[in-house]
Protein chains: 2
Amino acid sequence: MAIDRKEQIYSTARSLFSERGYHATTVRDIARELNLQGGSLYAHILSKEDVLWEIVNRAADQFLASVEPIVASNLPPSQKLRAMIRAHIGVVAADLADATIFLHEWKFLGEERRQSVAARRNQYESLYRQVVEDGIHSGDFAPANPKMAALLVLSAVNWLPQWYNPGGPLSPDEVADVFSELILRGLERICTA
Amino acid sequence: MAIDRKEQIYSTARSLFSERGYHATTVRDIARELNLQGGSLYAHILSKEDVLWEIVNRAADQFLASVEPIVASNLPPSQKLRAMIRAHIGVVAADLADATIFLHEWKFLGEERRQSVAARRNQYESLYRQVVEDGIHSGDFAPANPKMAALLVLSAVNWLPQWYNPGGPLSPDEVADVFSELILRGLERICTA
DNA sequence: CGGGTAACCTAACAAGCGTTAGTTTCAGCG
DNA sequence: CGCTGAAACTAACGCTTGTTAGGTTACCCG
């Protein structure tokens, strides 16, 4: 049985880091979950921080990879935004823990690594900003404040891990569609009888 | 000079807990900021967790107190929602640290206290849900999914502490108005030429 | 002036942390 | 069978954690 202990460690760490937070999770906690002694992990990992680093980076990869092709496509802005929200929520739903760690626990990396993650997070957010700005300039969107409009979208998708339950009544795509509709068309009844 | 050391401790803890997180902040960190020794704090506090408890509870008070009178008023739903968003952002802007701790660090309280906070958070969120549902039932809002619509509003206000800078170009009220407009009227240009 | 008290310091406690070194176990293979 | 290597264990390291006990300072009130 070619069990990959390293991956098991990452997987366990993902659960615990996202549940309790990085600092409240000890190396021995992770080991216990795998029926190991604390020190035994160091046959597979270099340090606790390295584990966090690997998890955060993989999550960043997932989010960026899911959204970049959509930005690069030539869909109209509103379709792009819908597709991006769908893609993002798909990634979140596939692993809530990854998303939580990517959003919150990355702060506990060392200076250098933290900056690297901050850059990728900014990169991700700027993709949303870019689509919103394109939509406003092309006239597809109302002449809103583009920064604030992008922030509204990002707020919606970034807050998702705090409440979304994959076993709940709405599928990831359904959640995405409802949010897209609300963001694009608004809540107030102004155009219909 | 009647300096209230207890309040100074709370204030320092607020900064540090919100910057580094509860577990990454040590009692000695707080003391150092006040030119004290670690143990000296215990003349004023009972435990580190008690400090967190006090901070979280005060923040919960602030948020609830700012929004409850609006819900109880007889404004139309859309005006209520605008006023609530204004009130919330006002509280956030008055102390970003409080908001961050209220949203994230409360999880590290002991079982009993954590449940008490969870209840108050639910109470707060249900106020928004209630206003949205009223608006939908009265016909002021489009017949959207009320849970999701409330979640969109809550996402926007809950994500605020992550990006809002009180020294930035937009005043709290301006931010609130822009968000209100976007949420109520939507981003897409559908009713205008 | 003198006694009390609140605030602080020093020093230490037990427990827990991330991490390392040395040793044991055991399957795979000549 | 005996060797090899990986993977686990035990045991400890140096340090930090939250917290406490006991002594010292300094100020208020009679």
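In this predicted model, V153(A) is in contact with L81(A), Y128(A), V132(A) and I183(A), leaving aside its neighbours within four places in sequence. The largest nonpolar core holds 107 residues, and V153(A) and V153(B) touch the most other members of that core.

One of these partners, I183(A), belongs to the buried residues of helix α8(A), together with V175(A), A176(A), F179(A), S180(A), L182(A) and L184(A). An α-helix has 3.6 residues a turn, so residues three or four places apart point the same way. The buried residues of α8(A) pack against α4 and α7 of chain A and also against α7 of chain B. Helix α8 of chain A reaches 20 Å from its first C-alpha to its last, close to the 20 Å expected at 1.5 Å a residue. After α8(A) comes G186(A), which has a positive phi near 90 degrees.

The helices involved in this packing are listed below.

| Helix | Chain | Residues |
|---|---|---|
| α8 | A | 172–185 |
| α4 | A | 77–94 |
| α7 | A | 146–159 |
| α7 | B | 146–159 |

A turn of 180 degrees and a shift of 0.0 Å along the axis lay chain B on chain A with an RMSD of 0.0 Å. The two copies are therefore related as by a two-fold rotation axis. The same surface serves both copies, since 100% of the contact residues of chain B recur in chain A. Among the residues of chain B, the C-alpha of G186(B) comes closest to the rotation axis, at 1.7 Å.

DNA strand C is surrounded by 15 residues, the closest being T26(A), G39(A), S47(A), Q37(B) and G39(B). Helices α2 (27–33) and α3 (48–72) of chain A are the elements that give two or more residues to this surface. Its residues divide into four nonpolar, seven polar and four charged.

How values were computed
Residues are numbered from 1 along each chain as its sequence is written. Chains are lettered from A and ligands numbered from 1 in the order in which they are written. This is a predicted model: local features need pLDDT of at least 70, side-chain atom pairs count only at pLDDT 80 or more; totals for chains, interfaces and linings use all residues. A residue is near a molecule or strand if its C-beta atom, placed from the backbone, lies within 6 Å of it. Helices (H or I, at least four residues) and strands (E, at least two) are DSSP runs, numbered from the N terminus. Ala, Val, Leu, Ile, Met, Phe, Trp, Tyr, Cys and Pro count as nonpolar, Asp, Glu, Lys and Arg as charged, and the others, Gly among them, as polar. The expected span of a helix is 1.5 Å times one less than its number of residues. A residue is buried if 20 or more other C-beta atoms lie within 10 Å of its own, exposed if 12 or fewer, and partly exposed in between; C-beta atoms are placed from the backbone. Two residues are in contact if their C-beta atoms, placed from the backbone, lie within 7 Å. A nonpolar core is a set of buried Ala, Val, Leu, Ile, Met, Phe, Trp, Tyr and Cys residues joined through C-beta atoms within 7 Å. Copies are superposed by least squares on the C-alpha atoms of residues with pLDDT of at least 70 in both.
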